[in-house]
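Reader: I would like a close look at one part of this protein, set against the fold as a whole. Please take one helix and its surroundings, and then carry the account on to the loops.

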Amino acid sequence: MMEYVVCGIDPQKDLPALEDRLSRLPAWRRRDSLSFLRPIDRLQSAMAFELLAGLLFNCFGIKCDGFRLEYDVAGKPSVSGRKDIYISLAHCRRAVMAVVSDAPVGCDIEEIRRPYGEDERMVADHCYSEGERREIVASSDPAMEFARIWTIKEALFKLDNTLDIEHLDTTVLSPGHVSTIVSSGCVATVATQ
């Protein structure tokens, strides 16, 4: 079993409601969210928790105030005291994402930044394999392809943080354990074992 949810961010609508959103969080999560300096980061933290809380309730019957998160040495979150539940959270400027599963899972979401330009080419030259760079150049939408490959690398790293994502060639992966969606100017990927 694996469920995920993606929610768009509209800063003009969502930022004015931030204080109300924060007030509804459990005290420990409110403190975590308030530890961020920028309001957009606080918003992303609060929204990611809301998505996660909804998934945990729908999939496992766990109420919002009935769980806490803990983090391993690599910063990977988990539900405290629940080794049978795996989670992953991600955000970008335009959206947040949460995943729950009964098996190890990782996710990432990225905004598609158009046009595909020099900054992206420099990242691709450093972090993408030759095969991945060929896929970007051959794509009818290089910006989308760049983001798709990046989310795959990040989701796989969140799944298994021993991977060297800079040298990981996603063109040789079996597609069975990676699922990618493109929606509202973002690319989201979930990776499972």
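**Helix α3 and its setting**

Author: In this predicted model, buried residues make up 45% of the 193 residues in the protein, and that is the background against which a single helix can be read. The fold is built from seven helices and eight strands. Its radius of gyration is 17 Å, close to the 16 Å that the globule rule gives for 193 residues, so the protein is as compact as a globular protein of that length. The C-alpha trace spans about 50 × 40 × 25 Å along the principal axes, and, among contacts between residues at least 6 apart in sequence, 58% join residues at least 24 apart.

Within this fold, helix α3 covers residues 27–34, and its buried residues are Trp28, Arg29 and Ser33. Viewed down the axis of α3, these buried residues fall within an arc of 135°, so they line one face of the helix. An α-helix has 3.6 residues a turn, so residues three or four places apart point the same way. As for what this face meets, the buried residues of α3 pack against two helices, α2 (18–23) and α4 (39–60), and against the strand β2 (69–71).

Following the chain onward from α3, one comes to Arg38, which is found in the loop between α3 and α4. Because partly exposed covers relative accessible areas between 20% and 50%, Arg38, at 49% relative accessibility, counts as partly exposed. The C-alpha atom of Arg38 is separated by 29 Å from that of Ala124, a residue 86 places away along the chain.

Two other loops deserve a look for their backbone geometry. In the loop between β6 (105–111) and α5 (118–127) lies Pro115, and the peptide bond that joins Arg114 and Pro115 is cis, with omega about 0°. Ser184, for its part, has its place in the loop between β7 (178–183) and β8 (186–192); phi of Ser184 is near 50°, a positive value in a residue other than glycine. With a relative accessible area of 62%, Ser184 is exposed.

To return to the surface of the whole protein, about 10,200 Å² is exposed, and carbon and sulfur atoms supply 53% of that area. The protein carries 23 positive and 30 negative charges, and the mean positions of these two sets are 6 Å apart.

Terms used:
Residues are numbered from 1 along each chain as its sequence is written. This is a predicted model: local features need pLDDT of at least 70, side-chain atom pairs count only at pLDDT 80 or more; totals for chains, interfaces and linings use all residues. Side-chain values use heavy atoms; hydrogens and water are left out. Helices (H or I, at least four residues) and strands (E, at least two) are DSSP runs, numbered from the N terminus. The radius of gyration is taken over C-alpha atoms; the globule rule is 2.2 Å times the number of residues to the power 0.38. Buried means under 20% relative accessible area, exposed over 50%, partly exposed in between (1.4 Å probe, protein chains only). Contact means heavy atoms within 4.5 Å. Accessible areas come from the Shrake-Rupley method with a 1.4 Å probe; for residues, only the protein chains shown count as cover. Lys and Arg count as positive and Asp and Glu as negative; His and the chain ends are not counted. The place of a charge is taken as NZ of Lys, CZ of Arg, CG of Asp or CD of Glu. The arc is that of the directions from the helix axis to the C-beta atoms.
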